[in-house]
Amino acid sequence: MKNAITFHSETHSHLFYTARKKKNHYEFVSVLTGAALIRLGKWEYLVLPGEGFWLPFDALSSITIVPNSSISTVKFSVRTRELLQSHGGYVEMSPLLLAGLQKLQSSNLTELAEQRLLQVMQDELLTASLHTELSVESKSINSYLSSLTDAKETVDCQVSPDMMMALKVREADKMRKSGAKDEMIAKRYFSGNVQLLQQVFSLLK
């Protein structure tokens, strides 16, 4: 990282996900549009527009971004002198944090102005309240994922069709990367329909 604090914003037209790995920096993730799933510990946390999530240094985590979502991240190097929070979770989004994120989207900020604003946001994050309570939606998603993993039928699933498809494609892609053949993957996730499997892989970035 060139600077101790960096900001990045990106729109993902396709499904995007990362493998679980340890962070070598601190990270504040916020969703502008769409949705993201952040895996921390044994749960996946749904992050929706207007919400933020904190990931500390050395946290074992991963992120899944559903198609047509805009996500911003603020990364803090371990070189920072501040004692940043060492546990993760949803961030209580103060008006200052929300205003800072909105301002950071402006393309006419100079690098100096951006760094000053990021310093202000860092100060706000030092004392922000965090929590890891699962929302109703997050609980439903984790339950659905458990059913997918165990190859069980899902009954009265409260997960949206788009999210279910994204999760199926993600799990199918993981299985493909592990060396499984399309026929086996299709049988597991798409009722044996290999043609459908190949079509839905177009959702991936």
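Q: What makes Leu37, Leu46, Val159, Met163 and Leu167 contacts of Ile141?
A: Contact means heavy atoms within 4.5 Å, and Ile141 is in contact with those five once its neighbours within four places in sequence are set aside. This is a predicted model, where local features need pLDDT of at least 70, side-chain atom pairs count only at pLDDT 80 or more, and totals for chains, interfaces and linings use all residues. Residues are numbered from 1 along each chain as its sequence is written, and side-chain values use heavy atoms, with hydrogens and water left out.

Q: Why is the set around Ile141, Met163 and Leu167 called a nonpolar core?
A: The name goes to buried Ala, Val, Leu, Ile, Met, Phe, Trp, Tyr and Cys residues joined through side-chain atoms within 4.5 Å. Buried means under 20% relative accessible area, with exposed over 50% and partly exposed in between (1.4 Å probe, protein chains only). The largest such core here has 26 residues, and Ile141, Met163 and Leu167 touch the most other members. Its largest share, six residues, comes from α4.

Q: How do you know that strand β8 is largely enclosed?
A: Five of its six residues (60–65) are buried, so the rest of the structure largely encloses β8. Strands are DSSP runs of E, at least two residues long, and helices are runs of H or I, at least four, all numbered from the N terminus.

Q: What makes β5 and β8 a pair?
A: Two strands pair if DSSP finds at least two bridges between them. Strand β5 (residues 36–40) runs antiparallel to β8 over five bridges, and Leu40 has Ser61 in β8 as its bridge partner.
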